[in-house]
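I'm opening my notebook on a structure I haven't looked at before. Let me jot down what I look up as I go.

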Amino acid sequence: MSSVPAPLRSLLALLMGCCLSLGAAQAQPSYQQPSAAVREALAAPLPPRMLVSPDRRLVAALELQRYARLADLARPQLRLAGLRIDARSATPIALQGIAELRLKALQADAPERRIELPAGGLWHGFAWSPDGLRFLLERRTEQANELWVGDAASGRLRQIHGLRLNNTLAEGDQAWLSAREVVMLAVPRDRGAAPTRAATVPVVQENLGRASPERTYPDLLRSPLDEALFEYHTRSRPVRVDLVSGQWRELAAPAAMYSSLSGVGEGQALLLERVGRPFSYSLQWNDFPTHVELRAPDGKLIRELARMPLKQGVAIDGALPGPRVFYAAPTRDAAIYWVEALDGGNPATRAAYRDRVMRLDPPYTGDPFEVQRMPHRFSRLRFLDDGQHALLTEEDRSRAWLRTYLLPLRGTQSRLLFEHSVRERYRHPGTPLMRTLPGGGQAVQTLNGDPLLVGQGAGPRGERPFLDRVSVRDGSTQRLFQSADGVYELPLALLGERRAAAGQMPPLLLTRESPTEPPSLQLREAGHSTVLLRGQDLLAALKRVRRETVSFKRSDGVELSFTLALPPDYKDGERRPTLVWAYPQEFNEPALAAQQAGPSNRYPQISAISPLLLALDGYVVLNDATMPIVGDSRSMNDGFIEQVMMNARAILDKAEELGVTDPRRVAVGGHSYGAFMATNLLAHTRLFRCGIARSGAYNRTLTPFGYQSERRSLWEAKATYLRVSPFLFAHQIREPLLLIHGEADNNSGTYPMQSERLYQALAGLGGTVRYVLLPNEGHGYQARESAGHVQWEMQRWLRGCLGDPRADNGKP
């Protein structure tokens, strides 16, 4: 073993001595914890989420739980048709809980009020009533998902007794009939006992000559018993709840598998979608047949709007023929809108127009009429709060290009407001600033009739969020606000419509933060800012990590960048072992690939599994290293390997030029598609000493109908699918590889089997590999124990591969 390089000897000793024997399972497995500095960073809570009340008098500060409890992840669950259901409470198994809730009036001298949440269960699902006088909370217990009502003035909570909500399909959906009455979906009172068994029969699937290119999905139905369980647990019934009296009653609508519930106008009607049979064993529930209905506030049927068939046999990037994607206007006119394909839903069909938007007016007995035709596929519709206009967006998927129109809801033609690439960052026009209307619906906030857009303001110097006003008269843009240099000020809401009507700039509510200043809530008026809620400085450890954005070019001139993170004890001139962490992205044009993130103006907010935390253990980290794949969207993956190799060489050359990296001691890593990239680099280059691959896919023949932005099937681009599959080049992976995967990964294509098979291949070929499977974790890891263990695994792996980061750091 004396001829083996020192770092590799350390790794082999680590594998054989303290962690596992090669080819065998780990002895006495347990969760491990990282260094004290990393533990300090993991202990910091998330900054609160700010939700302004519809009447603009209060803000709710929600401190969300940063981690899921292991016990919650391990709750008994059903995995059916792409769902993971907590059967006892009729909720999704994965819910982010509320750790603390505070209310604050939008006045500098007003005190904060902490809402006392009764002990037990998991609190979630906060929502304001349309008048801002009350708020809703849900609590998952061992037996039910409860509804609680809070009084905004006093902060007192009370439970709506006897009501068991059903959030299995339509999580969080609600329809407001008034400020005190809301319709929600509940477990039917008479649903009886759950199915326990079904007759043992052969399971048969067939396809009668029709192409049906389906991507790979987890947790699909597998048997008649699965079908019965899916129908039983997803059936719900609309109930009408009086928040003042606490009384509730079931509506006339029958129990069904309701997948969507929304209010129409200001409580005039209900728009409901429900799943029907036949089910599929190759599709998820949201591709099952769907019935769309319009019902009165008492639940009686007004009109059936559509019966959408099973979404089978639909081309990649295609759509169902007939009506789809239904919207209810949130304003008093209470119209219903939907989309219809004009090309049969097939993108291969030559057509001047792909889609059209239809409208049906009250009393919903006449014929619908066409509002707008689109040359490309419909993307989204957002209504303005003036009740006269909407923002209509279409997508040219062949170019990855978006166009947004101002759509008059009656009479005249639409007008193009702006267009841009899906990947646009520097010149992105922003997204609509939304507000809650008196009827409870969401609409784009306007200023004197003009829509407001909030953008990130990305540029080479970092992000400077802005608030723009877009004229409905001529489409011109007026910048109302932009964040100052060196800070990150994000607009939340404009307050005071009376001032706007008088032509004055209303007060602006925003959050402010900087690299050294935690997020605070501020009110900006007449050029002056008042702090309403001050953030806590909780990340002292991370603030000691020196970070800067470094830009450079690869050999063909495409601009790249990475965030250089230097350890707190780094001394100028040291060349330390380094981790390159990246995630590939596709671009049609080199100019878009060049739009990289500038220096961060934000307070450090780092994921619990971020590789940046390894800087606290002494490693140099090149985080978010750009890995652009540039070319025609129809064939860019043909050059995937060559482009990631070109990117990697440029990244390493720049790191060596900066004098911070020892080129003999560099590791590469990534998560999901980044893991796919990292293993390909290990297979096709000798640039890296070792690798870390988390929750990736390594054999593209197991995702034969597309992956990421690849729209061709395996049989249309067989050479590319084989070429980019690192599993097929496992014999060329000579450097040590750490594989980490969540045991319950439910992301399309990244089954744990992908890591398991790669581990078996490398072990069978005599490679150095470690495979860590995290119990009950999905594609991202949620538990505090899992996050700590992942950091421990990565730190130990780098130390074994690259050596002590604080030793032998002179010139190479």
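Here are my entries on a sheet, some cysteines and an arginine.

**Entry: the model.** Note to self: I'm reading a predicted model.

**Entry: a sheet.** I looked up how one open sheet is put together, and found four strands in the order 16-17-18-19, with antiparallel pairing. Which strands stand at the edges? I find strand 16 (257–264) and strand 19 (301–308) there; each has a single partner strand, so one side of each lacks a neighbour in the sheet. From one strand to the next, the twist averages 20°.

**Entry: inside that sheet.** Next I checked strand 17 (residues 269–275) against strand 18 (residues 290–295): they run antiparallel and are joined by six bridges. I picked out Leu-272, and its bridge partner in strand 18 is Glu-293.

**Entry: cysteines.** How many disulfides does the structure hold? I get zero. I also asked whether two cysteines are buried or exposed, taking under 20% relative accessible area as buried. Cys-690 comes out at 0%, so I put it down as buried. Cys-801 has 2% relative accessibility, so that one counts as buried too.

**Entry: Arg-544.** Where does Arg-544 sit? I found it in the loop between helix 6 (540–543) and strand 41 (546–553). With a relative accessible area of 44%, Arg-544 is partly exposed. Setting aside neighbours within four places in sequence, I see Arg-544 in contact with Glu-40 and Pro-568. I also looked up Ser-695, which is 151 residues from Arg-544 along the chain; their C-alpha atoms are separated by 30 Å.

Notes: Residues are numbered from 1 along each chain as its sequence is written. This is a predicted model: local features need pLDDT of at least 70, side-chain atom pairs count only at pLDDT 80 or more; totals for chains, interfaces and linings use all residues. Side-chain values use heavy atoms; hydrogens and water are left out. Two strands pair if DSSP finds at least two bridges between them. Helices (H or I, at least four residues) and strands (E, at least two) are DSSP runs, numbered from the N terminus. Axes are lines fitted to C-alpha atoms, for helices over the stretch in contact, and angles run from 0 to 180 degrees between N-to-C directions. A disulfide is a pair of cysteine sulfur atoms within 2.5 Å. Buried means under 20% relative accessible area, exposed over 50%, partly exposed in between (1.4 Å probe, protein chains only). Contact means heavy atoms within 4.5 Å.
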